[in-house]
Amino acid sequence: MSGFDIAGWGKALPERVITSAELADRFGVDEDWVVSRCGIRERRAVDPGQTTASLAVEAGRAALDKAGLTGADIAHLIVATATPEQPSPATSAFVHHELGIGGGAMDVNSECAGFVYGLVTAMGFLRMDRRPILLIGSDTHTLTADPADRDLSILVGDGAAAVVLVPGPEDPVLAWNLGADGSCADALKVPAGGSRMPTTPETVAQGLHYAQIKGNEIYLNAVRYTVRTVRETLESAKVPPTEVDHVVPHQANIRIINSVLQHTGLRPESLVTNLERYGNTASASIPLALTEALEAGRIRPGELVLFAGFGAGMTWGSVLMRWGGAA
């Protein structure tokens with residue numbers, strides 16, 4: 001028996017809203033330029049005191065309540081994040097304590113593909129241990145973006161979302177695919193703060209603790225690798241793209257999303273997106289879009305749902321499942 005259901009879901013969003021009009025004023029450009037470049041009109045940003053872990057706890061608690069479980073019922077906690085609470089210990093340690101998780105805990109850092117990597121990891125755990133798993137995506141990239149960096153500042157937003165996987169009679173996953181290309185590691189990075197370049201007064205003075213992005217390189221590889229992973233998953237499942245009911249992609253940039261739809265044959269009407277309201281929330285973007293689609297009653301049992309994401313590294317992945325959880 002290797003089946004499971006997604007029995008609970010929840011989200012956490014900071015109240016502070018940063019509009020594209022505000023950013024346009026800051027950078028001396030037109031609001032229409034910002035929106036046409038990325039498809040984002042608003043994004044959320046944490047206030048002082050809010051962190052990656054605090055958002056994760058809020059989202060995780062909502063998902064547990066929806067599933068009718070407590071932290072003590074969870075055999076394993078997985079937190080997908082690229083903006084950890086601190087370098088050590090893992091963010092999951094803080095979340096584990098706050099939620100009273102009964103089992104193990106670990107982080108997954110596959111950047112914006114983190115939720116898909118975490119989902120596949122959770123599936124593996126469930127095959128070995130038939131007990132509930134809490135999977136959370138949480139990121140606060142507004143804290144790692146240089147406020148003077150226009151290209152990143154217009155893209156990123158903060159948020160968290162979570163799902164609870166419980167053992168079930170049927171395996172809902174038709175196919176999955178994960179990949180990585182480390183030769184692209186320089187395309188999106190935070191240079192300082194690790195063993196390669198420990199933090200010093202000089203690295204801080206040079207702003208090397210902020211994220212750096214090569215936008216064009218990310219764009220081209222994001223389209224290429226997301227198209228590849230979607231095609232490979234659909235081919236493995238022997239499902240034509242036109243039969244997918246809901247596509248829940250990483251909410252990075254509307255131009256990337258539209259290019260993926262165009263090159264894979266996925267139907268535009270199947271797209272689930274909240275990019276316009278929240279921006280790129282990294283590891284949280286896929287579960288956040290899923291949660292809102294479920295709250296709106298858009299996804300029903302028996303329908304085919306495709307998750308597809310890519311992130312720095314580069315990493316990418318996709319999962320095709322027939323929705324069997326509660327609606």
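Student: Which residue takes a positive phi just after helix 8?

Tutor: In this predicted model, that residue is K238, whose phi is about 60°.

Student: How many residues does helix 8 have, and what end-to-end span should I expect from them?

Tutor: The general idea is to allow 1.5 Å a residue along a helix. Helix 8 covers residues 215-237, which makes 23 residues and an expected span of 33 Å, and the end C-alpha atoms are indeed 33 Å apart, so the expectation and the model agree. Helix 5, at residues 114-128, can be read in the same manner: its 15 residues should span 21 Å, and its end C-alpha atoms are 21 Å apart, which agrees.

Student: Which residues of helix 8 are buried, and what covers them?

Tutor: It helps to begin with the geometry. An α-helix has 3.6 residues a turn, so residues three or four places apart point the same way. In helix 8 the buried residues are I218, N221, A222, V223, Y225, T226, V227, T229, V230, T233, L234 and A237. Their cover includes strand 8 (173-180), strand 9 (188-189) and strand 10 (212-213), together with helix 9 (254-264), strand 12 (304-311) and strand 13 (315-322). For helix 5, the buried list is G114, F115, V116, Y117, G118, L119, V120, A122, M123 and L126.

Student: N221 lies in helix 8; is N221 buried or exposed, and what does N221 contact?

Tutor: The reading rests on a cut-off, since a residue counts as buried under 20% relative accessible area. N221 has 8% relative accessibility and therefore counts as buried. Leaving aside neighbours within four places in sequence, the contacts of N221 are C184, T226 and M314.

Student: Where is P14, and what does P14 touch?

Tutor: P14 sits in the loop between strand 1 (4-12) and strand 2 (17-19), and its relative accessibility of 0% places it among the buried residues. Not counting residues up to four places away in sequence, P14 touches R44, A45, V46, Q50, L55, D158 and G159.

Student: What separates C38 from P14 and from E276, along the chain and in space?

Tutor: Here sequence separation and spatial separation have to be read side by side. P14 and C38 are 24 residues apart along the chain, with 21 Å between their C-alpha atoms, whereas C38 and E276 are 238 residues apart along the chain, with 8.7 Å between their C-alpha atoms. C38 belongs to helix 2 (residues 31-38) and is buried, with a relative accessible area of 1%. Its contacts, again leaving aside neighbours within four places in sequence, are I154, L155, N253, I254 and L275.

Student: What do the contacts of the protein as a whole show about sequence separation?

Tutor: Of the contacts with a separation of 6 or more, 77% are between residues 24 or more positions apart.

Student: How many helices and strands are there, and what does the radius of gyration say about the whole?

Tutor: The protein has 11 helices and 13 strands. Its radius of gyration is 19 Å, close to the 20 Å that the globule rule gives for 327 residues, so the protein is as compact as a globular protein of that length. Taken along the principal axes, the C-alpha atoms fill a box of roughly 55 × 45 × 35 Å, and 55% of the 327 residues count as buried.

Student: What is exposed by the protein, and how are its charges placed?

Tutor: The protein exposes about 13300 Å², of which carbon and sulfur atoms supply 50%. There are 26 positive and 37 negative side chains, and the centres of these two sets lie 5 Å apart.

Notes. Residues are numbered from 1 along each chain as its sequence is written. This is a predicted model: local features need pLDDT of at least 70, side-chain atom pairs count only at pLDDT 80 or more; totals for chains, interfaces and linings use all residues. Side-chain values use heavy atoms; hydrogens and water are left out. Helices (H or I, at least four residues) and strands (E, at least two) are DSSP runs, numbered from the N terminus. The radius of gyration is taken over C-alpha atoms; the globule rule is 2.2 Å times the number of residues to the power 0.38. Buried means under 20% relative accessible area, exposed over 50%, partly exposed in between (1.4 Å probe, protein chains only). Contact means heavy atoms within 4.5 Å. Accessible areas come from the Shrake-Rupley method with a 1.4 Å probe; for residues, only the protein chains shown count as cover. Lys and Arg count as positive and Asp and Glu as negative; His and the chain ends are not counted. The place of a charge is taken as NZ of Lys, CZ of Arg, CG of Asp or CD of Glu. The expected span of a helix is 1.5 Å times one less than its number of residues.
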